[in-house]
Each structure stands twice: as C-alpha cells, then as structure tokens.
Amino acid sequence: MNFADYYDLSRFRPEHIAMLEKINALGPNFAERAPQHDKEASFPTKNYNDLREAGFLKLVIPEEFGGMGFSLGEYATIGAEIGKYCGATALTFNMHTSSMMWLRFMYEMGNLTSEERAAFKRMREIQFPKVVNDGAIFSQPISEGGVNWTSEPIKTNCRKVDGGWVINGFKKFASLAGNCEYYSIVCTEHFDDKEPAHEDTMDFAVHKDSPGLSIVGDWDPIGMRGTVSRDLILKDVFVSEDDLMMPAGVFGKTLSQWPHMMATLSPAYMGVAQSAYDFTVEYLRGDTPGQPPIDRRVYPTKRATVGKMFQKLTEMRSLWINAFLEAKPFPSKAEVMRIYAAQYAVMEGVQEMAALAIRTCGGQSMLKSLPLERIYRDSRCGALMLPYTTEIMEDYLSMMSVYDMNEVDKVNSETVSARVSMWRPAEYAQKTEAA
C-alpha cells in the first residue's frame, strides 16, 4: 500500500509529503538489503548513506540551525514508512532522531528556568551542526540491563573533575554500536555528600573514539538484528561542557511532561505491521517476486483473515496517528491516555498482524528466502522495550483510569514502580518540584 492509501494527506504539509515520497523511492533498496543484514546481524550502512544524502538525519532539527523542523507527528509517519521496508533501519533511525528531538523539544519546554534555557541554547549551538554540517549519526543508549531506568536514577555515573567530568558505567542494547559518530550518554552525576537522584541526570555526546569507551559482547538476537545493539563500557571517559546535550536535571524534569517523546519506538513497529499486511496481500495474489504466480485468493478462509488484518491495521493506525499528531508538551490527561493506548496497540498489534500473516499465507511463507519470517521475529521485540513496555502501559492506563493523579504515588506496589516516567499534570509537577 502507498501512504496515500492510509493517511489523510490534507492534514500534511507539502514538505512532509515530499519526504514520505522520498522514503518510498529509497525503500525498495532498503527492503532488498534487509535479508543480508538480518542474516549477518550487520548494520545497514548504505541505508544511512541514503538517508544522510536525502536530508533525513536533520529531519527534526530546527530550521534556524539548517534542519527541516519537522514535528513529532510528522517524524512518526516517516519512521513508519522506513519500517515498512526495514524494521532495523527504522528502529535505529529513531535512536538518532530522538537525540535530536531531546535537544529541540526539551529546550522548548515552558518549565525551564532562564539559567537552564541559556545553558541549553549553547549546547544546541554546538551539537546541531555536527549533524547538519558534518552528517554525524547519534546513538541513544539508555538501558543498563536488569535496571529499570524509569524507576531509579540511572546507574551510569559522572563525577566533576578539572575541566569537565569523567563517566563510568555500562549501557545495554546500544543500537548503532560501532556505526555512529556520537553516543548520547544519559548518566547521573554523583556527589560525595548525597545519594544519586533523578534531578542530577546529565546527558553527554560522547565521541565514538573517546578513550575509555569500548564496545563489547556478541550480537545475535532473535529479531531487529540489523540494529547491532551491542554493549558499551565507559571507563573514566572524559567529557567537557562542550559535550553536554542538556543541563543537569532537565531530562527528569521534562520526562513526564513530554510523554509522546518517549513513544517513538512505535513508528518502526507500525511500519513492520504494514509490511506484514502488504506481504500477505502480495503473496495471496501470487505477486511475490521470485515465486510461482499461484493465486491463493480463491480460499474464503484466507480472504476472511486478510479482511481481519486490514481491520486490525486500520484500528492501530487510526489511534496511533491521531495520538502523535496531537503531541505537545504538557498534554491533557486524555491526550496522554491516548498515546499510552496507541503505544500498547501498536506493540501488541504488530505481533498479532505477523501471526495472522503466517497463518494466512501458510508454511512456504516462512522460508528465510521470503521476508515474513524476518517480519515475524522483528515484531516480537517492541513490547519489551523501555520506557513504555506493554506491562508499563497497562500499569499507567489502569492507574490513570481508577485514581486521581495526586493519589498515584501513594498507591503501594509489590514491585519496583516504573512511574517516574509517568505523566503528571503540569501544576502537580510544579508542586512536587517546589516541595
């Protein structure tokens, strides 16, 4: 299907449509390369060369810095179109783009102090040109393995030294490992006289060749193999003020107030869901390249399942696109619940779509020479990813349904809560900060 078949283009700017068209021109090459990257668990370097040349690396960077200034909702549709052709490319593209979004959208937050905004302004002037002028790719590794960073202060730490800081820690699932110029390292500044705290969260752009930074471990996962998400070890890595990507504490201060910005893994999986449907239709029609032109549409059970797939896909996309197009800082409770529901719908729905595709197309469709087997494995990965796993979305939605927001933090939990990243009303967050 073409994007014009499932989006109302009257809602899109001409510049937005033009970039969607560019992805669909590049996409067949992405799809052709995807099997080899999946087989080898290798990074799609050529795809990134294409994305760089076409301007996608600067998609959300403000226009005054030479970027394209796309909104979060516009980015989401671009990510989904990439995911339609190669899920791993879309997922890693999100890591780069999210780093740029934090620099852009967190700076625009209305709850920053004048001192924070002035410091942030300088950081943007240093970091954005790395992408716009030099074509740099950023990675955004946050997970640390076995530690829920939405609940506790991030374990990777930094300490002040002469001229800057030194970082020590470990990052799990560092997508683009060895294939980017900079790693956006979120860490907690440690002090001798206090316990680590969320308000001391820092973010640094660490160059790939920084002394003390090493990439370790094998990469042989079930799906999304082209992300090359190996582990990072940071041992006394020195960084200076010129490496800062946001002022201390701003990450935690804005995390719960820009919830849509934490749902940006879903575009890749929205695209994977579309690819499962597209393959099914193509396969049943006998139009799959390299396969005998067998018409499998004659079976009413297969036609019925395709109809079910279309229904499911349309439900997912309708909720998802509307939630992203209304994205903004300090959203209402209703808007937040819609993005949480959209995240849940996509991450669970993509798995259902891939399973239906297998059941409908039959055994031959699962051959590794065809894309459905890879699509199925890729579809299983999204529901597991922090900060918005399926379980966390269920928790957030249930809490927001039956409790007032000023009651949430008083509710006992048998396990460690992940509610640090949960939305709070702006006035409630301000009261909490003042306290």
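Guide: Welcome! One definition to start: angles over 145 degrees between helix axes, taken in N-to-C directions, count as roughly antiparallel. The model here is predicted.

Visitor: Why is H9 called roughly antiparallel to H11?

Guide: Helix H9 (residues 333-361) and helix H11 (residues 390-402) pack at about 150°, their axes 10 Å apart. The cut-off is over 145 degrees, so H9 counts as roughly antiparallel to H11. Their crossing is left-handed.

Visitor: Which residues of H9 and H11 meet?

Guide: On the H9 side they include Lys-333, Tyr-340, Tyr-344 and Glu-348, and on the H11 side Met-393, Glu-394, Leu-397 and Met-400 are among them. By class, this contact of H9 with H11 has 10 nonpolar, 3 polar and 3 charged residues.

Visitor: What makes H3 and H4 roughly antiparallel?

Guide: The axes of helix H3 (residues 72-85) and helix H4 (residues 87-106) cross at roughly 165° and come within 8 Å. Set against the cut-off of over 145 degrees, H3 and H4 are therefore roughly antiparallel to each other. The crossing of H3 and H4 is right-handed.

Visitor: How many charged residues are in the contact of H3 with H4?

Guide: There are no charged residues in that contact; its residues divide into 9 nonpolar and 6 polar. Among those that meet are Ile-78, Gly-79 and Ile-82 in H3, with Ala-90, Phe-93 and Asn-94 in H4.

Visitor: What is the mean pLDDT of the protein chain?

Guide: The mean is 94, and 96% of the residues reach 70 or more. Over residues 430-435, though, the pLDDT is below 50, and this stretch has 2 contacts beyond near neighbours in sequence.

Note on methods. Residues numbered from 1 in each chain as written. Predicted model: local features only at pLDDT ≥ 70, side-chain atom pairs only at ≥ 80, totals over all residues. Heavy atoms only, no water. pLDDT = per-residue confidence, 0-100. Contact = heavy atoms within 4.5 Å. Axes fitted to C-alpha atoms, helices over the stretch in contact; angles between N-to-C directions. Helix = DSSP H or I, 4+ residues; strand = E, 2+ residues; numbered from the N terminus. Parallel < 35°, antiparallel > 145°, perpendicular 65-115°, else oblique. Left-handed = near helix turned anticlockwise from the far one by under 90°. Nonpolar A, V, L, I, M, F, W, Y, C, P; charged D, E, K, R; others polar.
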